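Biologist: Got a minute to go through this model with me? I'd like to start with helix shape.

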Amino acid sequence: MSPFGTVSAAMRGSMRTPRCAFGAWLLASFLLGTLSIRAAEGPASAPAPSSSASCLECHSDETLSFKRGGKKISLFVDQKQAAKSVHGSLECVDCHEKFDGDAIPHRTPIAPVDCTSCHDDLGKKHAFHPRLAAKDIPAGEDTSCVACHGSHGIAAAKASPFLTSGAAQRDACGKCHTEARDHFVASAHGRALAAHEKSAPDCLTCHRAPVVAARDAKPTLEQKLAQTRQCESCHVDKPDVASHAIRGTKFVSLFESSVHGAALQKGDAKAANCVDCHGAHEMNRAMAADARINKLRVAETCGQCHEKTAHEFKDSVHAAALNKGNLDSATCTDCHGEHDILGRKDPNSPVHAANVAQQVCANCHASLKLTKKYGIASHTFQTFADSYHGLAVRGGSVEVVNCASCHSSHAIRSQDDPASSTNKANLVQTCGQCHPGANTRFAVGKVHVSPEAAKGSDGNDPILYIVSTLYIILIVVVVGGMFVHNLLDFIKKIRRKLAIQKGLIEEEHVAHRLYLRMTAHERVQHAILVLSFVTLVITGFMLRYPDAWWVVAIRNLSTEAFELRTWSHRIAGVVMILAGIWHIGYLFFTKPGRSLLRDLLPKWRDCTDPIGVLKYNLGLSPTKPAFGRFSYIEKAEYWALVWGTILMGITGAILWFENTSMGLFTKLGFDISRTVHFYEAILATLAIIVWHFYFVIFNPDIYPMNLSWLTGRMSEKEMLEEHPLELERLKQAEAQDEKPETKDKP
């Protein structure tokens, strides 16, 4: 039997494991090193036993092999390859220990090569193969050194090219991890590596850290945190990599403060990290069709954790549009954000109850471009924003409804869908969530209404349009007329004062006397009226214009500003109504009150006096009409106040007790009352500013103020100018020994 045949047969049992093969290959490398040295020294005698040269006498034969399991395994060692190996200076027996070089065939079983005899701490250096950290390293492809590094042609770790560097590493790892390799090759990372980008990662860039869970196990908290740190080490810490992100480094780093990042930091291993959303090896930009974060796949990705929510979203109008390829339709990230996702109870979150309408729904439903493109009602968001609910939300309240309260958060359906919460058949139930006792009359009238919209427009009800239009005309005519009237009066009085200064007109000298204008009782009523009216104006317009600078300043004083506004408005309304009832009692049950009522009743001259004043102010008449105790100016203001108080009281009560009022007068009746209440408030406020404030403050004859509301009295000069007939009456009474009232009596 030939020596080679004998060796081949003797080694069958000794090469049953990868370690045996590795040992044989390493032995050849040692032999090659020895032979190289001897070759340099020149011709020599027979190689020494157990030397690499001795080993290569047999293992340099390319035909040397043995069979195991019916498979032919070569025992050939390439001398040239072994000489270039990092182990080229070693003898074969340095690795292939316990060999008896004189015994051919070798002693069986052949001791496997133990790399740990020289290379300690393999587990720490090879975290990607965690079983190498075991005390007794088990056999397997993942623990076989030769599977990755080779046998006799092992290159140095820093050599170039190295078996496990760059694309070669990808292919080497891919021999076992085929699926991961295929995903990586098609990923953004894989393409960058193939393009030889300097910052492109390879397998070991990520897997040197302990980021992989055991087979068939979920990643631990430590592993998920390690995965996050690994991603951030490039996408946050390396400027050249971070700059590739469309939204920059800050966008990626926001993950740490997001609801997911915060949960991970608190120890929740179920919280999503980079890998959960982007994938481990298949990560790609959102524009890639197969990317997990592609808009058409985002809901599926989020559904890995939020299964119930994803199921609800699946049947929504947004999901239906996405399934048709409409990328303008909303998906999870459009509403919740991406790396900066915050909890829905976080005041800074776009889906917080106070923000969802303006920061989420409005992005699409207030967009003229999108509403026109898809035929969506363009008024929807604005009508909500101007409704009580929308105004309250804008004012800081989180207890009133927002878009999601009626339409739901994720299962948003068309109102024509019988299963929709906003379908007409379901509106009573939907409204009943906040309005106990809601009946079918709640659904009579449109939900999203705009009183100012033209007839026939979306969101418009003809009655509301008529009411709002009539009020706008009334406000323009009445307040405009007041302004013109007062402007002419102001100019006339200024010209008269200038004439007096120049001596063109001699001012009439009168005695210095005071006359009772308002009793103490009347002044108290007036003070209560002023306080309640001013409070109503401020708190009412706080609701209607929540974004005004002065409203924002008030809201910044307290987080409870909206609640305080609500109750202050209602209390002030009740006070004004009670003051009105008190005033009625004063008019009918006291002597001064009855006298006041008689003098305030309209007379025919109240229709002719305005014409006479107009002529006088225009220079068409040398004298102006003389007024008694009350002129048409004060009478018009008084009766307008009476009318306004009644109207505002009725409509205010309807708005306050909305459940009862809508059950009685329908949603349409409620909207009419709201429209009247708003425009009447504007009319009343402007009338006070333009009409009342002028005559009691800015009137040149009494500026800076008519003090009768504080002292109850007017001077004889003021009486002569404003109420000459009343002054004459008082003097006649005095002449007839009817002493006029000069004391303040209740």
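Modeller: Sure. One term before we start: the bend at a residue is the angle between two fitted axes, one for the seven residues ending there and one for the seven starting there. Also, this is a predicted model.

Biologist: OK, so where is the kink in α34 centred?

Modeller: On F665, and the kink is about 115°.

Biologist: And how far apart are the end C-alpha atoms of α34?

Modeller: Only 41 Å, for a helix of 41 residues running 658–698. A straight helix would reach 60 Å at 1.5 Å a residue.

Biologist: Switching to packing. Which residues touch the most other members in the largest nonpolar core?

Modeller: Y471, I475, F541, Y679 and I682, out of 27 residues in that core. Helices α27, α28, α30, α33 and α34 each give two or more residues to this core.

Biologist: Which of them has the largest share?

Modeller: α34 again, with eleven residues.

Biologist: What about holes? How many cavities of 30 Å³ or more are there?

Modeller: Three. The largest cavity has a volume of about 150 Å³.

Biologist: Which residues are closest to its centre?

Modeller: D489, K493, N617, K624 and E721, from a lining of 16 residues. By class, that lining has eight charged, six nonpolar and two polar residues.

Biologist: And which helix gives the most to the lining?

Modeller: That's α27, with five residues. Others that give two or more are α32 (605–617), α33 (632–656) and α36 (716–722).

Technical notes
Residues are numbered from 1 along each chain as its sequence is written. This is a predicted model: local features need pLDDT of at least 70, side-chain atom pairs count only at pLDDT 80 or more; totals for chains, interfaces and linings use all residues. Side-chain values use heavy atoms; hydrogens and water are left out. Helices (H or I, at least four residues) and strands (E, at least two) are DSSP runs, numbered from the N terminus. The expected span of a helix is 1.5 Å times one less than its number of residues. On a 1 Å grid over the protein atoms alone, a cavity is a set of points where a 1.4 Å probe fits but cannot get out, and a pocket is an open set with protein on both sides within 12 Å along at least five of seven lines; lining residues have an atom within 4 Å of a point. Grid points are joined across faces, edges and corners, and a volume is the space filled by probe spheres set on the points. Ala, Val, Leu, Ile, Met, Phe, Trp, Tyr, Cys and Pro count as nonpolar, Asp, Glu, Lys and Arg as charged, and the others, Gly among them, as polar. A nonpolar core is a set of buried Ala, Val, Leu, Ile, Met, Phe, Trp, Tyr and Cys residues joined through side-chain atoms within 4.5 Å. Buried means under 20% relative accessible area, exposed over 50%, partly exposed in between (1.4 Å probe, protein chains only).
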